[in-house]
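Notebook open, structure loaded. I want to go through one side chain, the packing and the pockets, in that order.

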Amino acid sequence: MPTILKIDPKTPDKSSIIAAVEILKKGGVVAFPTETFYGLGADAGNVEAVEKIYSIKGRDYENPIPIIIGNIRDMTGLVEEIPETGRRFMERFWPGGLTIIFEASLNILHRLTGGTGKIGIRLSSNIIASHLAKTLSKPITATSANLSGADECASADEVIDCLKDKIDMVIDGGRTPGGLGSTVVDVTTDPPTILREGIIPSSLLIYTLQKI
C-alpha cells in the first residue's frame with residue numbers, strides 16, 4: 001500500500017508538503033487533490049518518473065500528459081511563446097481549472113508532449129497542488145489518478161482502490177469536487193480550439209476572446 005498522508009486542504013502544513021516533495025525529488029509518484037479530481041504527480045523533468053506515470057496508468061505514449069506549475073513565472077522556458085489569447089486566458093482563469101496548450105519549448109520532455117510538440121499547462125487553484133509545484137520548484141505532472149479508461153477519482157480512498165500499491169504516496173486532502181475535469185483549450189491555433197469542456201464553460205472562453 002502507498003503511504004497515506006492526510007493534509008488539511010485549506011491550511012496544508014509545510015512539513016507534510018515537504019515530505020511529499022521529497023518523494024517527488026526521488027523520482028516517486030504522488031497522488032494529490034486538485035480543483036477537479038485527484039491527479040498523479042511526478043517531477044515533470046524526470047524522465048524515469050514520467051515513464052512511471054505512463055506505466056502506472058497503462059497510458060498510450062501518444063497521449064500527452066499535462067503539467068501543473070506553482071507560479072506564473074514558471075512559464076519561462078516551458079513554452080515557445082505565449083500568444084495574446086493565451087495571456088488573456090491566463091489572466092482570466094488562472095489559478096483555476098483551465099489547462100492551456102502551448103507550443104512546448106525544448107526544455108519539455110518529449111514524452112510529455114506525446115510527440116505533438118505541445119504541452120498542456122495549468123496553474124491550479126487547489127492549495128495542495130500549487131504548494132507541491134512551488135516547493136519542488138519545478139512543474140509536476142497532472143494527469144488523473146486512475147487507470148486509463150477507468151473512472152476518475154474524487155477521493156483518496158478511490159485512488160487507493162484503483163491504483164493500490166502502484167504509487168508511492170497518496171495525499172488525502174479530502175474529497176474533491178469531481179463531476180467535470182479541467183477545461184482544455186489549445187492556443188496554438190487561431191482562433192483557439194476548445195478540446196474539452198470541463199468546469200469552465202466554453203461560453204466564458206468565447207466571451208474572453210471577444211474582449212481581445
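With which side chain does the side chain of serine 124 make a polar contact? I looked it up in the model, which is a predicted one: the partner is the side chain of glutamate 35, at 3.0 Å.

**Entry 1, around serine 124.** I placed serine 124 in the loop between S6 and helix H5 (127–136). Is serine 124 buried or exposed? Its relative accessible area comes out at 3%, and the cut-off for buried is under 20%, so I note serine 124 as buried. I also checked the backbone for partners: the nitrogen of asparagine 126 sits 3.0 Å from a polar atom of the serine 124 side chain. Then I pulled the contacts, skipping neighbours within four places in sequence, and got Glu35, Ile68, Ile69, Pro95, Gly96, Ala129 and Ser130 for serine 124.

**Entry 2, the cores.** Next I went for the nonpolar packing. The largest nonpolar core has 44 residues, and Trp94 and Ile121 have the most contacts inside it. I wanted to know which elements feed this core: at least two residues each come from strand S3 (38–41), helix H2 (47–57), strand S4 (67–69), helix H3 (84–93), strand S5 (98–103), strand S6 (118–123) and helix H6 (156–163). A second core, separate from that one, holds 18 residues, including Leu5, Ile128, Met169 and Ile171.

I went back to tryptophan 94 for its neighbours. Leaving aside those within four places in sequence, tryptophan 94 touches Ile69, Ile72, Met75, Phe89, Ile100, Phe102, Ile121, Arg122 and Leu123. Ile69 turns up in the tryptophan 94 list and again in the one for serine 124.

**Entry 3, the pockets.** What volume does the largest pocket have? I get about 580 Å³. Its lining counts 35 residues, and Arg59, Pro64, Pro66, Val184 and Arg196 are the ones nearest the centre. By class I have 13 nonpolar, 15 polar and 7 charged residues in that lining. S6 gives the largest share, 4 residues. Among the elements that supply at least two lining residues I also jotted down helix H4 (110–113), strand S10 (183–186) and strand S11 (193–196).

The second largest pocket has about 160 Å³ of space. Its lining, as I listed it, is Asp43, Ala44, Gly45, Asp74, Thr76, Leu78, Asn107, Ile108, Leu109, Leu112, Lys138 and Pro139. Sorted by class, I count 6 nonpolar, 3 polar and 3 charged residues there.

Note on methods:
Residues are numbered from 1 along each chain as its sequence is written. This is a predicted model: local features need pLDDT of at least 70, side-chain atom pairs count only at pLDDT 80 or more; totals for chains, interfaces and linings use all residues. Side-chain values use heavy atoms; hydrogens and water are left out. A nonpolar core is a set of buried Ala, Val, Leu, Ile, Met, Phe, Trp, Tyr and Cys residues joined through side-chain atoms within 4.5 Å. Buried means under 20% relative accessible area, exposed over 50%, partly exposed in between (1.4 Å probe, protein chains only). Contact means heavy atoms within 4.5 Å. A polar contact is a pair of N or O atoms within 3.5 Å; within protein, one must be able to donate a hydrogen and the other to accept it, and residues adjacent in sequence count only if both atoms are side-chain atoms. On a 1 Å grid over the protein atoms alone, a cavity is a set of points where a 1.4 Å probe fits but cannot get out, and a pocket is an open set with protein on both sides within 12 Å along at least five of seven lines; lining residues have an atom within 4 Å of a point. Grid points are joined across faces, edges and corners, and a volume is the space filled by probe spheres set on the points. Ala, Val, Leu, Ile, Met, Phe, Trp, Tyr, Cys and Pro count as nonpolar, Asp, Glu, Lys and Arg as charged, and the others, Gly among them, as polar.
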